[in-house]
Amino acid sequence: PKLVYDFAEGDKSQKELLGGKGANLAEMTNLGLPVPPGFTISTEACKVYLATGSVPPELADEIDHHVDVLQQKMGKKLGQADDPLLVSVRSGAAVSMPGMMETVLNVGLNDDSVNGLAHQSGNPRFAWDAYRRLIQMFGKTVLGMAGDVFEDAIEAAKEAKGTRNDLDLDADDLKALVETFKQAVLEHTGREFPQDPRTQMDLATEAVFSSWNSDRAILYRRQERIATDLGTAVNICSMVFGNLGMDSGTGVCFTRDPSTGQPGVYGDYLQNAQGEDVVAGIRNTVPLADLEQIDKTSYDELMAIMATLEGHYRDLCDIEFTVERGKLWMLQTRVGKRTAAAAFRIATSLIDEGVIDTDEALKRVKGAQLAQLMFPRFDGDADKELITKAIGASPGAASGKVVFTSAAAVEAADRGEKVILVRRETNPDDLHGMIAAQGILTSRGGKTSHAAVVARGMGKTCVCGADELDVNVAQGTIKVNGTVLEADATISIDGTTGEVFRGEVPVVASPVVQYFEGALDADAGDELVAAVHRLISHADEVRRLGVRTNADTADDAARARRFGAEGIGLCRTEHMFLGERREAVERLILAADDAERDAALAELEPLQRGDFLELLGAMDGLPVTIRLIDPPLHEFLPSMEDLAVKVALAKERGEEPGREAKLLSAVQRLHEQNPMLGLRGVRLGLVIPGLFAMQVRAIASAAVELRGQGKDPRPEIMIPLVGAVQELHLARDEVSRVLAEVGVEWEIPIGTMIELPRAAVIADQIAEAADFFSFGTNDLTQTTWGFSRDDVEGSFFSRYLEKGIFAVSPFESIDTEGVGALVRTGVDRGRAAKPDLKLGVCGEHGGDPDSIHFFHQVGLDYVSCSPFRVPIARLEAGRAAL
Ligand code: PEP
Ligand code: MG
């Protein structure tokens with residue numbers, strides 16, 4: 001197969017093959033935009049490299065051919081002594097992974113061609129600086145040398161010269177630095193810096209391929225649930241220079257504001273700078289609008305190109321460009337990352353502009369983004385001490401203790417502390433710290449700095465470019481406007497306004513939550529709320545899946561109802577037995593005879609009845625699936641160890657064996673090695689006489705009472721953890737008997753959970769005895785994989801994720817191949833036996849976006865999730881239907 005593609009050969013649909021960057025460079029080339037010529041080595045070549053440790057044998061010839069074509073186009077050759085062709089070697093995966101992979105610029109320079117470049121550019125300083133940068137980048141990213149080796153040498157050169165400014169180093173100084181760098185390469189790697197341009201290119205290409213499996217790339221993929229086997233492409237692009245003087249420069253821009261979605265001119269520009277200087281946030285940039293003064297021709301052309309690109313992609317684009325001596329070049333574009341708020345506002349603006357329809361707009365917003373809009377905000381009325389105001393780079397309200405290093409952030413997070421990571425700027429090695437922190441604050445860099453881009457991608461609060469902060473990491477202090485903050489001081493940062501406050505600022509519900517709560521009208525003037533309203537209403541129109549909630553209290557039920565829940569899919573009744581009721585349950589379990597047991601049950605029944613009156617009342621007119629008690633008994637009993645100690649002490653004191661001794665023997669009798677696989681669910685109901693009957697009486701009599709008040713209670717009774725149809729028959733008979741005894745004169749559906757593999761496999765038999773199924777995907781995942789749901793996440797899962805055994809925990813997002821196949825079997829066999837069987841899911845997966853799409857596909861009737869996820873489930877159920 002073909003492994004290398006000229007930029008003129010591809011298009012934007014080929015991201016898997018050419019990577020995002022390569023596919024979009026091809027698209028721009030074919031749109032006739034000024035893209036420097038070049039070619040892309042495909043992800044297929046990378047996959048071979050990752051699998052075998054070497055590039056495919058036919059790659060070299062293909063690259064030769066493309067280099068020839070490029071040399072002809074450019075009229076110069078790689079390594080040509082009087083006028084060298086220089087190229088950049090840049091990674092580009094199908095999914096953008098900011099800062100994850102490596103770039104090497106100025107490939108093609110060597111001891112000879114540097115003179116040619118000096119001559120051609122008429123600027124020897126520039127040429128030696130370019131060579132210096134090549135060796136530095138090559139040393140770090142290809143040869144794996146520590147960055148300090150080079151940075152220390154630069155510092156030493158500046159010191160010798162008596163300056164602190166890079167720009168004071170002249171051509172001779174840089175030439176000397178190049179010698180020092182080459183020497184360092186030899187010392188650290190045992191080999192000379194390669195003079196042959198093709199060797200430079202090949203080694204850089206392999207380094208890009210290898211960086212796919214660097215620690216931080218793996219971490220980023222795990223965080224973003226990106227598949228581990230996609231590989232990256234490599235783009236070889238002829239160099240253009242933004243650092244040839246003040247008539248040159250480099251910048252990043254967006255066709256709309258990526259923070260708010262507002263149309264306008266957004267971006268950063270840096271004169272006389274190369275490549276990564278802007279993104280690295282090392283020098284402070286000027287706003288893009290200033291380019292109009294600096295170079296009107298390039299500015300006008302850029303504005304026209306931005307309009308072309310937005311029209312072509314029908315979405316916000318972000319763009320990297322360079323101006324070389326007054327000539328504009330496009331280095332990259334892509335459909336740009338944006339904040340959650342911007343996503344909603346851009347999607348609805350584009351409907352209004354007639355660019356996309358409402359279905360398309362709904363496809364472009366995600367449940368995860370809606371979740372972000374539901375995070376709390378700082379209370380505008382609270383007393384606040386503003387320390388400084390900088391750039392709001394990624395919205396949110398975060399408070400925490402100041403930490404200065406990523407390691408400190410990770411340690412603090414492990415201790416359960418909230419921290420704000422404060423840095424001059426971040427780089428890809430800070431990813432761990434950024435994930436661990438509540439928010440990120442930097443003193444350098446703009447909206448396109450590494451910190452800003454990565455934080456936005458993760459949905460993490462970020463304020464950047466706070467140049468009033470004087471961060472002294474060595475002393476562990478921040479000085480700002482006359483005050484001093486120590487490490488450990490608490491601060492609060494507002495990623496929307498860019499404000500930084502001392503102390504912890506109290507938070508209030510976000511406008512979007514207020515809207516869901518019914519406290520803010522959709523048309524009250526908040527554009528974001530209006531956009532959310534519009535898209536979620538459309539989701540409600542198009543979705544086929546119902547959305548219910550998991551709730552055990554009237555308050556939760558009422559909130560979920562305001563959030564749009566169409567009923568309760570799971571009420572876990574064991575949650576009603578905690579707290580002070582625990583003792584009654586203890587008496588029930590320990591009952592020595594029928595009388596004691598009946599007394600304990602009689603004590604519990606009115607309490608349960610009260611619970612159901614409230615719950616059914618809050619969900620009046622909507623279905624409420626009440627699951628009969630499920631958990632293992634030991635959860636209600638005191639710890640065996642504690643009791644044993646108490647009993648032993650009492651014995652030593654010569655006391656009579658009392659209540660505790662009795663309790664201990666019961667606890668010992670009931671002790672299980674694997675309680676999750678033990679006496680729980682339907683097993684409990686069948687073994688403890690009267691327990692299910694008590695619960696059903698409470699449900700039925702509450703419903704009868706509500707009916708008497710003219711209300712419309714709709715309980716549904718659910719039997720948990722069934723594995724054999726006989727279990728369900730026995731339980732169902734008892735439930736029906738009690739319903740009749742109480743005098744229920746309407747149909748109360750009786751169903752079961754499908755949460756054991758056996759139940760899914762014999763779903764046809766089980767369906768005969770069930771009015772509905774609810775898939776309990778928590779237990780189904782536990783029992784299908786044999787993973788203890790209470791233990792694994794803190795145990796070996798992180799290693800499994802690292803090894804790529806799965807990209808996300810199967811307890812978080814449904815394992816479609818395994819657990820999902822059982823769900824599918826359960827659906828198919830259940831419906832085959834009973835076509836009108838109602839089917840839902842009430843495991844955690846019911847609120848997970850990817851899982852919701854799966855449940856839509858397999859044909860469930862509804863998903864049930866926690867109250868706060870209800871809007872997210874509505875949105876995703878709508879998206880799944882498109
Ligand atoms: C399940 O197992 O998926 C379920 C919803 O029940 P629980 O989490 O209460 O075991
Ligand atoms: Mg369960």
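**Burial, contacts and shells: how the labels are earned**

Author: Leu590 touches Lys662, Leu663 and Ala666, leaving aside residues up to four places away in sequence. The model is a predicted one, and Leu590 sits in helix H22 (residues 582-590).

Reader: Why is Leu590 called partly exposed?

Author: Leu590 has 19 other C-beta atoms within 10 Å. Buried would take 20 or more, and exposed would take 12 or fewer. The count of 19 falls in between, so Leu590 is partly exposed.

Reader: Fair enough! And what makes His450 and Cys842 buried?

Author: The threshold for buried is 20 or more C-beta atoms within 10 Å. His450, in helix H18 (residues 450-458), has 24 such neighbours. Cys842, in the loop between strand S30 (838-841) and helix H34 (849-858), has 28. Both counts reach the threshold, so both residues count as buried.

Reader: How do you know that the residues annotated "active site" do not all gather at one spot?

Author: The UniProt annotation, from an unreviewed entry, covers His450 and Cys842. They span 393 residues in sequence, and the farthest two C-alpha atoms are 39.5 Å apart, so they do not all gather at one spot.

Reader: Which residues does Cys842 touch?

Author: Beyond residues up to four places away in sequence, Cys842 touches Asn550, Gly569, Leu570, Ser774, Gly776 and Ser864. Cys842 is also among the residues around ligand 1, which include Leu570, Arg572, Asp630 and Gly776.

Reader: What makes up the shell around ligand 1 by class?

Author: The shell has two nonpolar, four polar and four charged residues. Leu and Cys count as nonpolar, and the shell includes Leu570 and Cys842. Gly counts as polar, so Gly776 and Gly843 of the shell go with the polar residues.

Reader: Which element gives the most to the shell around ligand 1?

Author: Helix H31 does, with three residues. Strand S25 (568-572) and H31 (777-785) each supply at least two residues.

Reader: One more, please: how do you know that the span of helix H8 is close to the expected one?

Author: The expected span is 1.5 Å times one less than the number of residues. H8 (residues 197-211) has 15 residues, for which 21 Å is expected, and its first and last C-alpha atoms are 21 Å apart, so the span fits. Several of its residues are buried, including Met201, Val208 and Phe209. Among the elements covering the buried residues of H8 are helix H2 (43-52), helix H5 (124-142) and strand S5 (232-238).

How values were computed: Residues are numbered from 1 along each chain as its sequence is written. Chains are lettered from A and ligands numbered from 1 in the order in which they are written. This is a predicted model: local features need pLDDT of at least 70, side-chain atom pairs count only at pLDDT 80 or more; totals for chains, interfaces and linings use all residues. A residue is near a molecule or strand if its C-beta atom, placed from the backbone, lies within 6 Å of it. Helices (H or I, at least four residues) and strands (E, at least two) are DSSP runs, numbered from the N terminus. Two residues are in contact if their C-beta atoms, placed from the backbone, lie within 7 Å. UniProt positions are given in the numbering used here, feature names are shortened, and annotations may be inferred rather than shown by experiment.
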